[in-house]
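User: I am new to this structure and would like to understand the terms used to describe it. Please explain the reasoning behind each one.

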Amino acid sequence: MSEASAANFRARAEQRPGSVVVVAEGELDLVGAPRLLEALPGPGDTPVVIDLGSVGFMDSSGLRSLLEARQHCRDAGRGFAIARPSEAVRRVLELVDLLGEFDVLERPPG
């Protein structure tokens with residue numbers, strides 16, 4: 001993985017009232033997908049919201065990481081939602097008919 005490709009995606013978790021928001025920015029692809037999963041919070045019961053408003057590209061690896069994140073949260077007994085899916089994210093979710101599988105928020109909490 002080159003430094004340029006690694007710099008194309010960032011994810012950070014922010015504690016907000018009543019939830020943990022993971023803010024994702026850049027390209028959610030083969031390089032970004034593991035970074036998204038690494039940003040998920042550790043043990044706890046606070047709901048997790050992934051803010052996808054600044055994701056300019058998503059491929060099947062990114063889609064898989066969203067499904068894995070949702071399952072991780074379900075297994076831990078946490079709520080899970082996505083917020084502000086960008087046009088790129090929405091297009092992929094609609095293409096594979098999975099948009100309805102996620103709780104979608106118009107904006108992240110807090």
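Analyst: Two strands are said to pair if DSSP finds at least two bridges between them. The model discussed here is predicted, and in it L28 stands opposite M58 in β3.

User: How do you know that β2 and β3 pair, and in which sense do they run?

Analyst: The requirement is at least two bridges. β2 and β3 have 8 bridges, in the parallel sense; therefore they count as paired strands. One of the matched positions is G26, whose bridge partner in β3 is V55.

User: What makes β3 and β4 a pair?

Analyst: The same cut-off of at least two bridges applies. β3 and β4 are joined in the parallel sense over 4 bridges, so they meet the requirement. V48, for instance, has F80 in β4 as its bridge partner.

User: In which sense do β1 and β2 pair, and what lies between them?

Analyst: Strand β1, residues 9–16, pairs with β2 in the antiparallel sense over 8 bridges. R16 stands opposite S19 in β2. The hairpin of these strands has 2 residues between them, and G18 takes a positive phi near 80° there.

User: What makes a β-α-β unit right-handed?

Analyst: The strands are set to point away from the viewer, and the path from the first strand over the helix to the second must then run clockwise. β2, α2 and β3 make a right-handed unit, and β3, α3 and β4 make a right-handed unit as well.

User: Why is β2 called largely enclosed?

Analyst: A residue is buried when its relative accessible area is under 20%. In β2, 7 of the 10 residues are buried, so the strand is largely enclosed by the rest of the structure.

User: Is D51 buried or exposed, and how do you know?

Analyst: D51 is found in strand β3. The limit for a buried residue is under 20%, and D51 has 5% relative accessibility, so D51 counts as buried. Leaving aside neighbours within four places in sequence, D51 is in contact with V21, V22, V23, A24, A83, R84 and P108.

User: Is P43 buried or exposed, and why?

Analyst: Exposed means over 50% relative accessible area. P43 has 90% relative accessibility and therefore counts as exposed. P43 is placed in the loop between α2 and β3. Its C-alpha atom is separated by 9.8 Å from that of G77, with these positions 34 residues apart along the chain counted as their spacing.

User: Which residues touch the most other members of the largest nonpolar core?

Analyst: That core has 24 residues, and I50, L52, L66 and L93 touch the most other members. The elements giving two or more residues to the core are β2, β3, α3, β4 and α4. The largest share, 5 residues, comes from β3. I50 touches V22, L36, L40, L66, A69, F80, A81, I82 and A83, when residues up to four places away in sequence are not counted. A second, separate core of 5 residues includes V23, V49, A81 and A83.

User: Why is the contact of R64 with E68 called a salt bridge?

Analyst: The side-chain nitrogen of Lys or Arg must lie within 4 Å of a carboxyl oxygen of Asp or Glu. The closest N and O atoms of R64 and E68 are 3.4 Å apart, so the pair satisfies the cut-off. Being 4 residues apart in helix α3, R64 and E68 are separated by about one helical turn. R64 is partly exposed at 44% relative accessible area, and E68 is partly exposed at 37%.

User: What parts of the chain does the salt bridge of E101 and R70 link?

Analyst: The side chains of E101 and R70 meet at 4.0 Å, N to O. The pair links distant parts of the chain, with E101 in the loop between α4 and β5 and R70 in helix α3, 31 residues apart. E101 is partly exposed, at 45%, whereas R70 is buried, at 12%.

User: How many salt bridges does a search of the whole structure find, and which residues form one network?

Analyst: The search finds 7 salt bridges. Bridges that share partners join R10, R12, E14, R16 and E25 into one network. Within it, R12 and E14 meet at 3.0 Å, N to O.

Terms used:
Residues numbered from 1 in each chain as written. Predicted model: local features only at pLDDT ≥ 70, side-chain atom pairs only at ≥ 80, totals over all residues. Heavy atoms only, no water. Core = buried A, V, L, I, M, F, W, Y, C linked by side-chain atoms within 4.5 Å. Buried < 20%, exposed > 50% of the residue type's maximum accessible area, 1.4 Å probe, protein only. Contact = heavy atoms within 4.5 Å.
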